[in-house]
Amino acid sequence: LNIPFLRQRSVFDCETEIRRIWDAYVEDDISFGTMLQKWFERNGFSAQWCSGMQSAQKLLSETTYDMVLSDLRLPDGDGIFVKALHLKIVR
């Protein structure tokens, strides 16, 4: 994957300490999800993989993430709803 904005491995918080980027991603395809998990780990991200909308809703209600990536077509719902839920929780 060549995604330039994902190349940054850490961000500075208000106290200028480096912290790891926490991200969650929702992908129902097992082989693609596994490949993404390995890519995130190799590039310094702490990633959590959800295989569907229901597991993503549970995860997002329990933990705060810096970034959420979602497949749009999920077997149990719509990936846009997952993104909207993340934005609502973050704000």
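Q: In which loop is Glu 27 found?
A: This model is predicted, and in it strand S3 covers residues 22–26. Helix H1 covers residues 30–42, and Glu 27 is placed in the loop between S3 and H1.

Q: Does Glu 27 count as buried or exposed?
A: A residue is called buried when its relative accessible area is under 20%, and exposed when that area is over 50%. Because the relative accessibility of Glu 27 is 9%, this residue counts as buried.

Q: Which residues does Glu 27 touch, not counting those up to four places away in sequence?
A: Close neighbours along the chain are set aside here, so that the list holds residues more than four places away in sequence. Glu 27 then touches Phe 32, Gly 33, Trp 49, Cys 50, Ser 51 and Asp 71.

Q: Which residue has its backbone nitrogen 3.0 Å from a polar atom of the side chain of Glu 27?
A: Glu 27 lies in the loop between S3 and H1, and its side chain offers a polar atom to a backbone nitrogen. That nitrogen lies 3.0 Å away and belongs to Asp 29.

Q: How far apart are the C-alpha atoms of Glu 27 and Met 53?
A: Along the chain, Glu 27 and Met 53 are 26 residues apart. In space, their C-alpha atoms are separated by 9.1 Å.

Q: Which residues is Gln 37 in contact with, leaving aside its neighbours within four places in sequence?
A: Gln 37 has its place in helix H1, and with a relative accessible area of 16% this residue is buried. Leaving aside its neighbours within four places in sequence, Gln 37 is in contact with Tyr 25, Ala 47 and Trp 49.

Q: Which residue forms a salt bridge with Glu 62?
A: A search of the whole structure finds one salt bridge, and its closest N and O atoms are 2.8 Å apart. Both partners lie in helix H2, four residues apart, which is about one turn of the helix. An α-helix has 3.6 residues a turn, so residues three or four places apart point the same way. The partner of Glu 62 is Lys 58.

Q: What relative accessible area does Glu 62 have?
A: Lys 58 counts as exposed at 52% relative accessibility, since exposed means over 50%. Glu 62 is exposed as well, with a relative accessible area of 52%.

Q: Which residues of H2 are exposed on the other side?
A: The buried residues of H2 are Met 53, Ala 56, Leu 59 and Leu 60. They lie on the same side of H2, because they cover an arc of only 120 degrees around the axis. On the other side of this helix, the exposed residues are Gln 54, Lys 58, Ser 61 and Glu 62.

Q: At what relative accessibility does Gln 48 count as partly exposed?
A: Gln 48 is found in strand S4, which covers residues 46–50, and its contacts beyond four places in sequence include Leu 59 and Tyr 65. Partly exposed describes values between the buried limit of 20% and the exposed limit of 50%. Gln 48 is therefore partly exposed, at a relative accessibility of 35%.

Q: How far apart in space are Gly 79 and Gly 52, C-alpha to C-alpha?
A: Gly 79 is found in helix H3, residues 79–90, and at 0% relative accessibility this glycine counts as buried. In sequence, Gly 79 and Gly 52 are 27 residues apart. Their separation in space, C-alpha to C-alpha, is 8.7 Å.

Q: What pattern does the protein chain follow along the sequence?
A: The protein chain has three helices and seven strands. Read along the sequence, these elements follow the pattern β-β-β-α-β-α-β-β-β-α.

Q: In which element of the protein chain is confidence lowest?
A: The chain averages a pLDDT of 77, with the highest mean, 91, in H1. Over residues 1–18, pLDDT stays under 50. Where pLDDT is low, the predicted coordinates should not be read in detail. Confidence is lowest, at a mean of 44, in strand S1.

Note on methods. Residues numbered from 1 in each chain as written. Predicted model: local features only at pLDDT ≥ 70, side-chain atom pairs only at ≥ 80, totals over all residues. Heavy atoms only, no water. Salt bridge = Lys/Arg side-chain N within 4 Å of Asp/Glu carboxyl O. Helix = DSSP H or I, 4+ residues; strand = E, 2+ residues; numbered from the N terminus. Buried < 20%, exposed > 50% of the residue type's maximum accessible area, 1.4 Å probe, protein only. Contact = heavy atoms within 4.5 Å. Polar contact = N/O pair within 3.5 Å; in protein donor to acceptor, adjacent residues only side chain to side chain. Arc of directions from axis to C-beta. pLDDT = per-residue confidence, 0-100.
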